[in-house]
Amino acid sequence: MAGLEFLIVVSVMAAAAVALPAAKDGSGTVPNRVITLERAFPANEKMEVEVVRARDRLRHSRMLQSLAGGIVNFSIAGLADPTIFGLYYANVKLGSPPREYNVQFDTGSDLLWLACTSCQGCPTRSGLGVDLNFYDAASSSTASLISCSDHICSSITQTAYAECFSESNQCGYSFQYGDGSGTAGHYVSDMLYFDMVMGNSLVMNSSAPVVFGCSTSQSGDLTNGYRAVDGIFGFGQQDLSVISQLSSQGITPKVFSHCLKGEETGGGILVLGEILDPRIIYTPLVPSQPHYNLYMQSISVNGQVLPIDPAVFATSGDRGAIVDSGTTLAYLASEAYEPFINAINDLVWQSTSPFVSKGMQCYVVNASSSITYIFPPVVLNFDGGATLVLRPGDYLFRTEHFDRTEYWCNGFQKHEQGVTILGDLVLKDKIVVYDIANQRVGWADHDCSTTVNVSITSGKDEFTNVGQLSVNRSPRSAFHKTHILFLMIGFLL
C-alpha cells in the first residue's frame, strides 16, 4: 500500500460520526484521523450560567503500528448556548471484545480514563440520555494492568501523573479538582479499536494499544448523573494523551483541528490531522507548558487598543492566555477585564441599558435592534501578527427574549487567578488547528456546517471534492473515487 494517500472531505449533518484516517507511505508520511462531534442539549431545559462557570472552573483546575488508511469512529457532544449546561463526549471502542464508551473530550487534560466496574460514587444513569458503561479489565482478553515496576509507570510518575499503590503493586493516579471533585484509579493497557476504510471502500478492523486510567472512585461534581458520561478523553499535548500515544506509534500526526458550529443546532468537526484553509493564521505556542498557552499581546475594541499591560497575558506560574475548546465561556484576567468591559459600555450605553447580574455584565436591548449594529467588534492580538476577530455574536449571548426586549450578557468573565482562557464562546464558527508538532495554533472563520480540506501529506496537498472521499495514489496524480463519506455532528435533543 506504499504511496496510498487519502483526501478527507467532511460534511456535517445531524447523525452519528465517522473518522477518516490516511495511509502511511514509505516516505514516513503520517496519516490523519477525522473525528466528528455531536452536541448534547437537555430537552427544553435551561441552566443558570453560574453552573456553566462552575463547570469551567472545574475544568481549569485540572487543567498503532504502521497502518493502512481508514475510518475511526469517534463522536463528540457539546454545548452551543452557554445558558444550557452541556459537554463534549467522544465515543471510543476499547477492550476485546470491544465495548463502546462515551468520554468527555477535554483539551485541558491529558489522561483518558474510564469509570470501572468497581468504581465507588460513579453515576449509574445519565441525564444525557446515553447508557453508561463501566470498563472491566477482567472481561477483556487484551487488557493488562500497569504494575509499579513497569517502565510505563516510571515514565508517568516522572510527570506527576502516577503513584505506586504498594499494597496492590498497581500504577495508580489520583486527581483532585478545585471544587473538591476528584477521581482515582489505576492504569491499564488495552486495545483501541476502529474501522479502517481503505481505497475503493474496502473496510477492515484495526486496533492499537493505548494506556488509560481505570477509575475506581469519584467524588464531588463527577458523581452528578445529570451530565454523566463514562470518563474523560484528554487531548492535551503531553506524552500521556492518546493523541501523543498514537503519534508515537506512527498512527496519527501530532496535530488536531476542530470547527464548532455556533448556531442553536450546534454541531462541528474534529479532525486528528490538519485542516487546510489558506485563510488560517498561526501564532506560536508558549513552549514547555501543559496547556495550549499563547503569546497574547493586547485587546482592541472598536479599533482602539486598550490600555492593558501586556504582562497581564504573559505565561508565568498559573497565569497566561490559554486556548481551551472544552471551556464553555471566555475568561479575562482581572486586570484586563475591567478596561475591556468599560470600553464596551462607553460605546453602547446610549443604545442599551447595562446592568450587572451575578457578576456578569449584561444589557437590555430593544428586540427590534440588532446587536451587530449596537456592539463593537473586538480583536485579540497575538504574537506574529495573528488576530482573533470577534463579532458581537462571538462574545455576547442572549439570556432572555421578550416581545419588545432582549437580555444579552458578555461572555467574557473575570478570572480572579489571572488566567485568560478562550473557550467555545469565542472559538465557535472557526477552524482551529492545534499543531503540536510545530508548536503553534491557528484559526480562520468558517461555516462549520460545510466541508473542510485535510492535509494528507507533509507537503499539504490540497484537494476539494465536496461530499466525497478521494484516493490519491501519487502525490499529484489522478483520483480514484470511493464511497461518499460524511462526518456528522448533531444534537441529542
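Biologist: Why is Cys-409 called buried?

Modeller: The model discussed here is a predicted one. In this model Cys-409 has a relative accessible area of 3%. A residue counts as buried when this value is under 20%, so Cys-409 is buried.

Biologist: What makes Cys-362 and Cys-409 a disulfide?

Modeller: Their sulfur atoms are 2.0 Å apart. The limit for a disulfide is 2.5 Å, and the pair therefore qualifies. Cys-362 is in strand E24 and Cys-409 is in strand E28, with their positions 47 residues apart in the sequence, so the pair links distant parts of the chain. Cys-362 is also buried, because its relative accessible area is 0%, and buried residues lie under 20%.

Biologist: Why is the disulfide of Cys-362 and Cys-409 called right-handed?

Modeller: The torsion about its S-S bond is about 95 degrees, and the disulfide is therefore right-handed.

Biologist: How do you know that Cys-148 and Cys-164 form a disulfide?

Modeller: The distance from S to S is 1.9 Å. A disulfide requires the sulfur atoms to be within 2.5 Å, so the pair meets the rule. Cys-148 is in the loop between strand E8 and helix H2, whereas Cys-164 is in strand E9, 16 residues away. The torsion about this S-S bond is about 100 degrees, so this disulfide is right-handed.

Biologist: Which of the terms buried and partly exposed applies to Cys-148, and which applies to Cys-164?

Modeller: Cys-148 has a relative accessibility of 16%, which is under the 20% limit, so Cys-148 counts as buried. Cys-164 has a relative accessible area of 45%. That value falls between 20% and 50%, so Cys-164 is partly exposed.

Biologist: What makes Cys-153 and Cys-171 a disulfide?

Modeller: Their sulfur atoms are 2.2 Å apart, and the limit is 2.5 Å; the pair is therefore a disulfide. Cys-153 belongs to helix H2 and Cys-171 to strand E10, so the link ties together parts that are 18 residues apart in sequence. The torsion about the S-S bond is 90 degrees, and the link is right-handed. Both cysteines are buried: Cys-153 has a relative accessible area of 2%, and Cys-171 has one of 0%.

Biologist: How many disulfides does the rule give in total, and how are the bonded cysteines paired?

Modeller: The count is six disulfides. When the bonded cysteines are numbered in sequence order, the pairing reads 1-8, 2-3, 4-6, 5-7, 9-12, 10-11.

Biologist: How do you know that the length of helix H4 agrees with the expected span?

Modeller: Helix H4 covers residues 334-348, which is 15 residues. The expected span is 1.5 Å times one less than the number of residues, and this comes to 21 Å. The end C-alpha atoms are 22 Å apart, so the two values agree. Several residues of H4 are buried, including Ala-336, Phe-340, Ile-344 and Val-348.

Biologist: Why is Asn-302 called partly exposed, and what is noted about its phi?

Modeller: The relative accessible area of Asn-302 is 43%. Partly exposed residues lie between 20% and 50%, so the term applies to Asn-302. Its phi is positive, about 55 degrees, although Asn-302 is not a glycine. Asn-302 lies in the loop between strand E19 and strand E20.

Biologist: Why does Asp-429 count as partly exposed?

Modeller: Its relative accessibility is 21%, and buried residues must be under 20%; Asp-429 therefore counts as partly exposed. Asp-429 lies in the loop between helix H7 and strand E31. Asp-429 also has a positive phi, about 60 degrees, although it is not a glycine.

Biologist: What makes Leu-329 a buried residue, and where does Leu-329 lie?

Modeller: Leu-329 has a relative accessible area of 0%, which is under 20%, so Leu-329 is buried. Its place is in the loop between strand E21 and strand E22. Leu-329 and Ile-421 are 92 residues apart in sequence, but their C-alpha atoms are 8.4 Å apart in space.

Biologist: Why is the peptide bond from Ser-96 to Pro-97 called cis?

Modeller: Its omega is near 0 degrees, and the bond is cis. Pro-97 lies in the loop between strand E5 and strand E6.

Conventions:
Residues numbered from 1 in each chain as written. Predicted model: local features only at pLDDT ≥ 70, side-chain atom pairs only at ≥ 80, totals over all residues. Heavy atoms only, no water. Helix = DSSP H or I, 4+ residues; strand = E, 2+ residues; numbered from the N terminus. Buried < 20%, exposed > 50% of the residue type's maximum accessible area, 1.4 Å probe, protein only.
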